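User: Hi! Could you walk me through a few side chains in this one?
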Amino acid sequence: MKNLLISVFLSTISASSAYLVSDSIARADDWGCEVILCLSNPGGATQYAPCRPPIHRLWRELARGHAFPTCSSVGFRASRPRYEPYYCNEGFRLTTRTNDRGNEASCISMTPQTVSKSECYYGEAGGVPSSRWYRASGQRQCRRYVTRRPNVRSKPHFFDVTIDGIGRQRVWY
């Protein structure tokens, strides 16, 4: 079934590319339709070679601040390009705080994590506990919310595309 979907996708791209090239009058939305067709691929927008040029052009245009291309043949919506340079591993959430050096991002565990006994102490902020002793399986464990540095994305820009009849997809560039 997957091979059938791939061959249908590739033949659709080839047919649309042949149509776009053979048409003697270039339409303004040809590139936009190629972009939407490539973005609708479940395997990723650049999985197949015919999609790489239009998608790379899309990334260049968006990076320059240009609008998302249009395609009058398909119902779709695209969000404005956004920027998110950091991400956290599973089980952590991204937080930012402002200090005298500017904004600082960090990842905080969503549940308390077991840490070494030497880390069980009271925080400096008015005696609010930052760590706690818990009893698990008859043993005492020191647990606290762990903070880590966030991961840096190789492609920090993104936009969300909703294609009627297909669904929503986040595209990173």
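User: Is leucine 94 buried, exposed or partly exposed?
Analyst: In this predicted model, leucine 94 has a relative accessible area of 36%, so it counts as partly exposed. Leucine 94 sits in strand E4, which covers residues 92–99.
User: Which nonpolar surface patch is Leu94 part of?
Analyst: Leu94 makes a patch of about 270 Å² together with Tyr86 and Val152.
User: Cool. Switching to charges: how many salt bridges are there in the whole structure?
Analyst: A search of the whole structure gives seven. One of them pairs arginine 82 with aspartate 160, with 3.3 Å between the closest N and O atoms. Those two are 78 residues apart and link distant parts of the chain: arginine 82 is in strand E2 (residues 82–83) and aspartate 160 is in strand E11 (residues 157–163).
User: And is aspartate 160 buried or exposed?
Analyst: Aspartate 160 is buried, because its relative accessible area is 7% and the cut-off for buried is under 20%. Arginine 82, at 38%, is partly exposed.
User: What does arginine 168 do with aspartate 160?
Analyst: Their side chains form a salt bridge, 2.9 Å from N to O. Arginine 168 is exposed, at 58% relative accessibility. Arg82, Asp160, Arg168 and Arg170 are linked in a salt-bridge network.
User: Nice. Which residue does glutamate 84 pair with?
Analyst: Glutamate 84 meets arginine 153 in a salt bridge at 3.1 Å, N to O. This pair also links distant parts of the chain, 69 residues apart: glutamate 84 is in the loop between E2 and strand E3, and arginine 153 is in the loop between strand E10 and E11. Glutamate 84 is partly exposed, at 28% relative accessibility.

Technical notes:
Residues numbered from 1 in each chain as written. Predicted model: local features only at pLDDT ≥ 70, side-chain atom pairs only at ≥ 80, totals over all residues. Heavy atoms only, no water. Patch = residues over 30% accessible without salt bridge, like charges linked within 9 Å, V, L, I, M, F, W, Y side chains within 5 Å. Areas by Shrake-Rupley, 256 points an atom, 1.4 Å probe, with all protein chains shown as cover. Salt bridge = Lys/Arg side-chain N within 4 Å of Asp/Glu carboxyl O. Helix = DSSP H or I, 4+ residues; strand = E, 2+ residues; numbered from the N terminus. Buried < 20%, exposed > 50% of the residue type's maximum accessible area, 1.4 Å probe, protein only.
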